[in-house]
Amino acid sequence: MAALLHRYKTGEGQKIDCNLLSSQVSIMTHIAANYLISGWEARRWGTGHESIVPYQAFKTKDDKYLIVGAGNQNLFEILCKRISAEHLLEDSRYQDNQSRVENRESLIAALSEIFSQKEMSVWLEKFEGYGLPYGPIQNMQQVFSDPQVLHNNMIQEFQHSTAGTVRVPGPAVKYSTINTSHCTAPPRLSEHTQQVLQGMLGYSDDKIQQLHQDGAIGILKDTENAG
């Protein structure tokens, strides 16, 4: 988008280099910054956050896992009040995030014990509407039967010439005037070769047939395309 805007303003195009290595390095965000600024080597925290506590998954009574993130002092206070653990707010070990990071082990142990006493549905109800980041860790069946996922039309279905009905996840971005729900099946090998060579590159039938005879390209026959 930045390159398109630049071209719109200046009339000058750009070569865009976006490789996998640089992309991976850039999304390390605060983990990379901690090392570059302070020399702190990254550690493994499971589902936890290196510099925010608590911010991780907790096991509930019915053996499910709930992610809860208290990213600031206000959210930590909301969390403690909603789980009836106001005594944690009075503990000097957890008075601010720095203290909670330093005393991660004891705080997580206390919270884990509390979360293990009630089912997932109970905690979801307690947190609803209070502005606290939270959510259940779900399997695929739960994800694609979730009411909000269904409402967002995140399941798209199409017909494939050989595989039949195929369902795939839809695009996350929705537009007000563009319909993103229509999709075509993945092409079979050589399915659109002739169409591209003729329609986009202007190749003649004879040239395409010669390329085919030479083994340079494949052409999918209409009977094969129909399955």
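# Reasoning through a predicted model

Student: Where is Arg100 found?
Tutor: Arg100 has its place in helix H5. Keep in mind that this is a predicted model.

Student: Why does Arg100 count as buried?
Tutor: Its relative accessibility is 1%. Buried means under 20%. The value falls under that cut-off, so Arg100 is buried.

Student: Which residues is Arg100 in contact with, leaving aside neighbours within four places in sequence?
Tutor: They are Val53, Pro54, Asn72, Gln73, Phe76, Arg93, Tyr94, Gln95 and Leu107. To count, heavy atoms must come within 4.5 Å.

Student: How far apart are the C-alpha atoms of Arg100 and Val53?
Tutor: They are separated by 5.8 Å. Along the chain, the two residues are 47 apart.

Student: What about Ser99? Why does Ser99 count as buried?
Tutor: Ser99 is also found in helix H5. Its relative accessibility is 10%. That is under 20%, so Ser99 counts as buried. Leaving aside neighbours within four places in sequence, Ser99 is in contact with Ser92, Arg93 and Tyr94.

Student: Val53 came up earlier. What kind of peptide bond joins Val53 and Pro54?
Tutor: A cis peptide bond, with omega at about 0°. Most peptide bonds are trans. Pro54 is found in the loop between helix H3 (29–38) and strand S1 (55–59).

Student: What makes the phi of Thr29 worth a look?
Tutor: Phi of Thr29 is near 35°, a positive value in a residue other than glycine. Most residues other than glycine have a negative phi. Thr29 is found in helix H3.

Student: Why is Thr29 called partly exposed?
Tutor: Its relative accessibility is 48%. Buried would need a value under 20%, and exposed a value over 50%. The value lies in between, so Thr29 counts as partly exposed.

Student: Why is Ser84 called exposed?
Tutor: The relative accessible area of Ser84 is 53%. Exposed means over 50%. The value passes that cut-off, so Ser84 is exposed. Ser84 has its place in the loop between helix H4 (73–82) and helix H5 (97–102). Its phi is near 60°, again a positive value in a residue other than glycine.

Student: Which residues touch the most other members of the largest nonpolar core?
Tutor: Val68, Leu79, Ile83, Phe115 and Phe127 do. The core has 23 residues. Strand S2 (65–69), H4, helix H6 (104–115) and helix H7 (120–127) each supply at least two of them. In soluble globular proteins, nonpolar side chains tend to be buried together.

Student: What does Ile83 touch, not counting residues up to four places away in sequence?
Tutor: Ile83 touches Leu111, Ile114, Phe115, Trp123 and Phe127.

Student: Why is Val166 called partly exposed?
Tutor: Its relative accessible area is 21%. Buried needs a value under 20%, and exposed a value over 50%. So Val166 is partly exposed. Val166 lies in strand S5 (residues 164–169).

Student: Which residues does Val166 touch, not counting residues up to four places away in sequence?
Tutor: Gln156, Glu157, Phe158 and His160. Val166 and Gln156 are 8.4 Å apart in space, C-alpha to C-alpha. In sequence they are 10 residues apart.

Student: Why is Leu5 called partly exposed?
Tutor: Leu5 has a relative accessible area of 46%. That is neither under 20% nor over 50%, so Leu5 is partly exposed. Leu5 is found in helix H1 (residues 2–10). Leu5 and Glu128 are 41 Å apart in space, C-alpha to C-alpha.

Student: Now the whole protein. How does its radius of gyration stand against that of a compact globule?
Tutor: A compact globule of 227 residues would have a radius of gyration near 17 Å, but the protein has 27 Å. Along its principal axes, the C-alpha trace spans about 85 × 45 × 35 Å.

Student: How many helices and strands does the protein have?
Tutor: There are 12 helices and 5 strands.

Student: What share of the residues counts as buried?
Tutor: Of the 227 residues, 22% do. Arg100, at 1% relative accessibility, meets the cut-off of under 20%.

Key
Residues numbered from 1 in each chain as written. Predicted model: local features only at pLDDT ≥ 70, side-chain atom pairs only at ≥ 80, totals over all residues. Heavy atoms only, no water. Helix = DSSP H or I, 4+ residues; strand = E, 2+ residues; numbered from the N terminus. Rg over C-alpha atoms; globule rule 2.2 N^0.38 Å. Buried < 20%, exposed > 50% of the residue type's maximum accessible area, 1.4 Å probe, protein only. Core = buried A, V, L, I, M, F, W, Y, C linked by side-chain atoms within 4.5 Å.
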